[in-house]
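The exercises below ask the reader to work through one protein model step by step, from its overall build to single residues. Please keep the sequence and the structure in view while solving them.

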Amino acid sequence: MTDKIVLITGGSRGLGQSSALHLAKQGVGVVLTYLNRSDTAQAVVAEIENLGGCAAALQLDTGNIRQFESFAERFAETLDRVWERQSFDYLVNNAGIGIHASFAETTEDQFDALMNIHLKGVFFLTQRLLPLIEDGGRIVNLSSGLARFSLPGYAAYGTMKGAVEILTRYLAQELGPRGIAVNAIAPGAIETDFGGGVVRDNPEVNQFIAASTAMGRAGCPDDIGGAIASLLTGENQWITAQRIEISGGMNL
Ligand SMILES: NC(=O)c1ccc[n+]([C@@H]2O[C@H](COP(=O)([O-])OP(=O)(O)OC[C@H]3O[C@@H](n4cnc5c(N)ncnc54)[C@H](OP(=O)(O)O)[C@@H]3O)[C@@H](O)[C@H]2O)c1
C-alpha cells in the first residue's frame, strides 16, 4: 500500500479510466476529472471504492484555461477533505480528443480546439498545479505514436503531441531540482471511444493496425493503464525526460 495521490485528467473513460483503476489497485488515492460525463466518472469512483480504494471526481475543461484557478481551489479542497493532504504526488495529463481532418481541410477552429486541449491546457494546468505537487513527485503527459510516425488526417493532432514531447523535456529540466520526474507516454492505436471509437469499432481500421503492429493486434486500455501505473508506482525515480512509446511495436 501507499499514501500517494494521483490527479488524472480525463479519467472518466478510456486510458485515464484504466490508469485510475490500475493505480487504485496499488493503493494510490485517485482524483479524476471529466468534461461532461459525471455519471461515468462517478461509476469509476464507485468501482475504486468497491476495490477498497479512495477516489473523487471533479469537472474540468482542460481546453479552457480560465477554469484552472477555480479548479485548483476545488482540487485543493478535495485533497484536504478526503485525504487531509495539502499536496499530491502524481499528475497524469491525459484528457484529449481526436479530430480527423486532412492538412488541406483542417479549420482554424479545429486547430485551436486541439491546441487548447492537448498543448495550452497541459502547459498551464501543470503550471497552476505546480505548487501542489510534492517534491519527488512525477508527471506523465500523454503523447501519441502519431508524433513519431504519420498517418493522413492527423497533421494538427500530431503537431500538438509532438509539442507535448518537447514540453516534457523542458519540464523535466526545470523540475528536476525538485526531484520531479516528467515523462511522455506515447500510446499506439488503442481501442477506446477516442476519435468516435474508430480503432475499436471499424474492423478495417482495426485490422490495418494489427497488421502494422509487431504484437499483431490493436492496443486495449489496460495496455496503457498498467504501464502508466507501473511508471508512477515502480522504482522508476531515475527515468525522466523520456518519450516512452507503448504500442506493441507499431510501424517499426
Ligand atoms: N486511444 C488512442 O488510440 C490514443 C492513442 C494515442 C494517444 N491517445 C491519447 O490518450 C489520451 C486519452 O485518450 P482516450 O483514448 O482515453 O480518449 P477517450 O476514451 O475518448 O476519453 C477521453 C477522456 O478525456 C475527457 N475529455 C475530453 N475532452 C476534454 C476536455 N476538453 N477537458 C477535459 N476532459 C476532456 C473525457 O471526459 P468525458 O468522459 O466527460 O467526455 C474522457 O474522460 C488523449 O490525450 C489521447 O490523445 C489516445
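Helices (H or I, at least four residues) and strands (E, at least two) are here DSSP runs, numbered from the N terminus. The model is predicted, and every value below is computed from it.

**Exercise 1. Describe the overall build of the protein and test its radius of gyration against the value for a compact globule.**

Solution. Begin with the inventory of elements, which comprises eight helices and seven strands. Next consider the extent of the C-alpha trace, which spans about 50 × 35 × 35 Å along its principal axes. For 252 residues a compact globule would have a radius of gyration near 18 Å, and because the protein has 17 Å, the two agree. Then turn to the interior, where 44% of the 252 residues count as buried. Finally, among the contacts with a separation of 6 or more, 73% are made by residues 24 or more positions apart.

**Exercise 2. Determine whether the length of helix 3 fits its number of residues, and work out how its buried and exposed residues are arranged.**

Solution. Helix 3 covers residues 68-83, and at 1.5 Å a residue its 16 residues should span 22 Å; the C-alpha atoms at its ends are 21 Å apart, which agrees. As a second step, sort the residues by burial, taking as buried any residue with 20 or more other C-beta atoms within 10 Å of its own and as exposed any with 12 or fewer. By this criterion F68, F71, F75 and L79 of helix 3 are buried. These residues cover an arc of only 75° around the axis, and therefore they lie on the same side of helix 3. The other side of helix 3 carries the exposed residues E69, S70, E73, E77, D80 and R81. As a last step, ask what the buried residues of helix 3 meet: they pack against strand 1 (5-8), strand 2 (29-34), strand 3 (55-59), strand 4 (88-93) and helix 4 (108-129).

**Exercise 3. Examine the backbone of E84 and N251, and establish where each residue lies and how exposed it is.**

Solution. Most residues other than glycine have a negative phi. E84, which is not a glycine, has a positive phi near 55°. This residue follows helix 3 and lies in the loop that leads from helix 3 to strand 4. E84 counts as exposed, because only 7 C-beta neighbours are inside 10 Å. N251, again a residue other than glycine, has a positive phi of about 50°, and is found in the segment after strand 7 (243-246). With 17 C-beta neighbours inside 10 Å, N251 counts as partly exposed.

**Exercise 4. Place A184, E165 and A241 in the fold, and trace the contacts that each of them makes beyond four places in sequence.**

Solution. A184 belongs to strand 6 (residues 181-187), and because it has 26 C-beta neighbours inside 10 Å, it counts as buried. Beyond its neighbours up to four places away, A184 touches N141, S143, V164, E165, T168 and R243. By contrast with these contacts, the C-alpha atoms of A184 and I209 are separated by 22 Å, although the two residues are 25 residues apart along the chain.

Continue with E165, one of the residues that A184 touches, which is found in helix 5 (residues 155-175). E165 has 19 other C-beta atoms within 10 Å and so is partly exposed. Its contacts, leaving aside neighbours within four places in sequence, are S143, A147, A184 and R243.

A241 lies in the loop between helix 8 (221-233) and strand 7, and is partly exposed, with 16 other C-beta atoms within 10 Å. With the same exclusion of sequence neighbours, A241 is in contact with T168, R169, A172 and V182.

**Exercise 5. Characterise the shell of residues around the ligand, giving its composition and the helices that contribute to it.**

Solution. Start from the 30 residues around the ligand, of which G10, G14, A95, G96 and F194 come nearest. By class, the shell divides into 13 nonpolar, 13 polar and four charged residues. Helix 1 (14-25) and helix 6 (194-201) each supply at least two residues of the shell, and helix 1 gives the most, with three residues.

Conventions
Residues numbered from 1 in each chain as written. Predicted model: local features only at pLDDT ≥ 70, side-chain atom pairs only at ≥ 80, totals over all residues. Near = placed C-beta within 6 Å. Nonpolar A, V, L, I, M, F, W, Y, C, P; charged D, E, K, R; others polar. Expected span 1.5 Å × (residues − 1). Arc of directions from axis to C-beta. Contact = placed C-beta atoms within 7 Å. Rg over C-alpha atoms; globule rule 2.2 N^0.38 Å.
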